[in-house]
Amino acid sequence: MAMFRLQGSKVLAVEMTGDAVKAKNGAMVAYDGQMAFKKMSGGGEGIRGMVTRRLTGESMEVMEVKGHGTCYFADRASEINLVRLNGEKLYVEASNLLATDPGLRTGTTFTGLRGATQGNGLFTTTVEGVGQAAITSDGPAIVLRVSAGMPLQVDPGAYVAHTGNLQQHFQTGVSWRTVMGEGSGESFQIRFEGEGLVYVQPSERNTIGGQL
């Protein structure tokens with residue numbers, strides 16, 4: 001099985017002994033040993049996956065890397081976070097998914113109004129199974145726990161991923177910036193309820209909600 005480890009905080013090293021991993025297309029920065037690279041259509045799910053992603057607007061360019069040795073991946077000097085899955089499902093923005101174990105399955109799911117983040121549509125990428133996934137964030141991500149009776153509000157532009165039994169709702173409300181007199185503050189938030197973990201980055205994408 002491929003072994004994932006971080007080389008610093010911005011480079012993922014994957015040790016392979018004849019197995020393969022899926023990674024963001026073009027994310028390889030170096031390798032030693034013998035490696036083969038193959039671009040995969042539809043996020044690695046063939047024609048069906050490609051059609052689904054075109055219809056949903058969830059863009060995900062993936063390559064398969066197979067061989068013996070160590071391959072190094074990075075994406076625009078972003079911070080990298082390792083997530084170990086034991087049968088549960090990871091929901092992650094396609095642009096933040098760097099690499100996955102070969103045994104993990106990727107797909108697309110409807111997320112409702114959370115998808116109002118500009119350019120990401122109403123859908124998000126899912127990863128499930130047993131193994132590790134590497135996700136990126138603009139700056140060091142924080143992992144926030146959501147528990148019963150303790151909901152979490154997140155800026156749509158700062159959301160990266162989540163796991164667990166969580167329900168999410170897109171809601172309006174008075175933001176901190178609005179209170180401080182800055183009219184361009186975020187009027188929309190994602191509310192998470194249930195039990196699980198949410199990955200949040202210390203940087204915001206441009207969002208429709210943040211421009212209103």
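**Salt bridges, cores and strands**

Guide: Arginine 76 is exposed, with a relative accessible area of 71%. Keep in mind that this is a predicted model.

Visitor: Okay. What does arginine 76 form a salt bridge with?

Guide: Aspartate 75. The closest N and O atoms are 3.4 Å apart.

Visitor: And is aspartate 75 buried or exposed?

Guide: Buried, at 10% relative accessibility. The cut-off for buried is under 20%, so aspartate 75 falls inside it. Arginine 76, at 71%, is exposed because the bar there is over 50%.

Visitor: Which residues are joined into one network by salt bridges that share partners?

Guide: Lys24, Asp75 and Arg76.

Visitor: How many salt bridges does the count come to?

Guide: Six. One of them pairs arginine 5 with glutamate 15, with the closest N and O atoms 2.8 Å apart. That pair links distant parts of the chain: arginine 5 sits in strand β1 and glutamate 15 in strand β2, 10 residues apart.

Visitor: What is the relative accessibility of arginine 5? And of glutamate 15?

Guide: Arginine 5 is at 33% and counts as partly exposed. Glutamate 15 is at 32%, also partly exposed.

Visitor: In what sense do β1 and β2 pair?

Guide: Antiparallel, over four bridges. Strand β1 covers residues 3-6. Phenylalanine 4 has valine 14 of β2 as its bridge partner.

Visitor: What do β1 and β2 form?

Guide: A hairpin, with five residues between the strands. Glycine 8 is in the turn and has a positive phi of about 80°.

Visitor: New topic: the largest nonpolar core. Which residues touch the most other members?

Guide: Leu12, Val14, Met16, Val21, Val65, Phe73 and Leu98, out of 17 residues in that core. Elements giving two or more residues are β2 (12-24), β4 (62-73) and β6 (97-100). The largest share comes from β2, with five residues.

Visitor: What is valine 65 in contact with, leaving aside neighbours within four places in sequence?

Guide: Met16, Asp19, Ala20, Val21, Met35, Ala36, Phe37, Cys71 and Phe73. Apart from that core lies another, of 12 residues. Among them are Val92, Val127, Ile135 and Ala161.

Visitor: Now asparagine 81. Where is its place?

Guide: Strand β5, residues 79-92. Asparagine 81 is buried, with a relative accessible area of 15%.

Visitor: What does the side chain of asparagine 81 make a polar contact with?

Guide: The side chain of serine 137, at 3.4 Å. Asparagine 81 also touches Ala133, Ala134, Ile135, Thr136 and Ala141, among residues beyond four places away in sequence.

Visitor: Back to salt bridges. What does arginine 105 meet?

Guide: Glutamate 128, at 3.7 Å from N to O. Arginine 105 is in strand β7 and glutamate 128 in strand β8 (residues 123-137). The two are 23 residues apart, so this pair also links distant parts of the chain.

Visitor: Why does glutamate 128 count as partly exposed?

Guide: Because its relative accessible area is 24%, and partly exposed runs between 20% and 50%.

Visitor: Last one. Where does threonine 109 lie?

Guide: In strand β7, residues 105-110. Threonine 109 is partly exposed, with a relative accessible area of 24%. Its C-alpha atom is separated from that of threonine 125 by 6.4 Å. Along the chain, threonine 109 and threonine 125 are 16 residues apart.

Conventions: Residues numbered from 1 in each chain as written. Predicted model: local features only at pLDDT ≥ 70, side-chain atom pairs only at ≥ 80, totals over all residues. Heavy atoms only, no water. Buried < 20%, exposed > 50% of the residue type's maximum accessible area, 1.4 Å probe, protein only. Core = buried A, V, L, I, M, F, W, Y, C linked by side-chain atoms within 4.5 Å. Contact = heavy atoms within 4.5 Å. Pairing = 2+ DSSP bridges. Polar contact = N/O pair within 3.5 Å; in protein donor to acceptor, adjacent residues only side chain to side chain. Salt bridge = Lys/Arg side-chain N within 4 Å of Asp/Glu carboxyl O.
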